Amino acid sequence: SSVQGCRSNSSGPAAMSMNLGFRAWTIAAAVAPTIVAAVEGTCSASSPGDCPAASRESLLLQLGKSGVANLGKSSCPQLRDVERTCSADGCTVLANNMQGRSCADYCKASGYTCVAAWEEVEEDCNVKMTLTCEEAGIQTSDLLCQCAPPGSASTPALAEPGPGHGDPVELSTFFWNVHWECSMAARGASRSCKRHIGRRFAELAKESKAQIVASVELSDTSSQPASLEHFGLTGWTQVNGPCASGDGGDAAALAFAPDWVVQQSGGGCLRHDWDTRAFAVARVAPPRPVEGCASLCVVAIHAPHSSITRG
């Protein structure tokens, strides 16, 4: 994950609205399925009595919840491009070769109608996001499709993870490059302007309900980031990215809300010459896991005018 926002650059407080950005990310976490398997007359299930009569053919079903699998004849035998079967009746499948195709297209090609469609988590039968039958797979080659013979009555066989397992995680961030003219007390910059800009930074971060903030060129010297806690972000953990270069340099910093834990951190320069800029990076533990991840890597970058050669 990277902290980023509007990147328009101009000087002084009058350009404040151009230099700050807000972004909220919604990330859905995955839920592990209960797997019921019946292979060549054997069965493993979540509890005794869950095993159906074994069929002559090997079959592995991944179900969104535990239940009795019916290993009878498929109700949708004409389906093609089946990567994985996701229902006992054979009509809900993970279909491949779906770039530019919708589940409606997929089902119709085999003489069926589309009942429901989903995006899978990762090459499996777990639901990441519910789609409409008409939505095409643009950035993925796989879709979960539920088809049905014409005239049959069917209800969606799969569902997105329930509350407590797949709740969206909203992550708000705030970024501002304040520019050195109203930051460090050097090169003719105003100390009074720096105090005002620092306090305004904290105010805007709170107004946006940000959990992660990034500052650029809000510094005490040419390369030392100023304390954001001093300006009003009390209890936040700051990660500095000082970049000293000759008589000049650059400064970037990350800061995390009080309920975040910084596990590792670093920062420095992105180039070796006059065009060098600063970055700050941290591995952090969020208050709640994101997509099953207990730790995230967050980086704030003040991109050079040319290219990045180090860091």
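User: In which helix is A109 found?

Analyst: In this predicted model, A109 is found in helix α2, which covers residues 103–109.

User: Is A109 buried or exposed?

Analyst: Relative accessibility is compared with a cut-off, and a residue counts as exposed when the value is over 50%. A109 has a relative accessibility of 62%, so A109 counts as exposed.

User: How many Å separate the C-alpha atoms of A109 and Q78?

Analyst: Separation along the chain and separation in space are two things to read. A109 and Q78 are 31 residues apart along the chain, and their C-alpha atoms are separated by 9.3 Å.

User: Where does Q99 lie?

Analyst: Q99 lies in the loop between β6 (92–95) and α2. With neighbours within four places in sequence left aside, G137, T140 and S141 are in contact with Q99. The C-alpha atoms of Q99 and L143 are separated by 9.2 Å, with their positions 44 residues apart along the chain.

User: Which residues of β11 are on one side and which on the other?

Analyst: In a regular strand, side chains alternate between the two faces of the sheet. In β11, I212, A214 and V216 are on one side, while V213 and S215 are on the other. Both faces are covered, and these residues are all buried. The strand runs over residues 212–216, and five of its five residues are buried.

User: In what sense do β11 and β13 pair, and over how many bridges?

Analyst: β11 pairs with β13 (residues 248–256) in the antiparallel sense, over five bridges. For A214, the bridge partner in β13 is L254.

Technical notes:
Residues numbered from 1 in each chain as written. Predicted model: local features only at pLDDT ≥ 70, side-chain atom pairs only at ≥ 80, totals over all residues. Heavy atoms only, no water. Buried < 20%, exposed > 50% of the residue type's maximum accessible area, 1.4 Å probe, protein only. Helix = DSSP H or I, 4+ residues; strand = E, 2+ residues; numbered from the N terminus. Pairing = 2+ DSSP bridges. Contact = heavy atoms within 4.5 Å.
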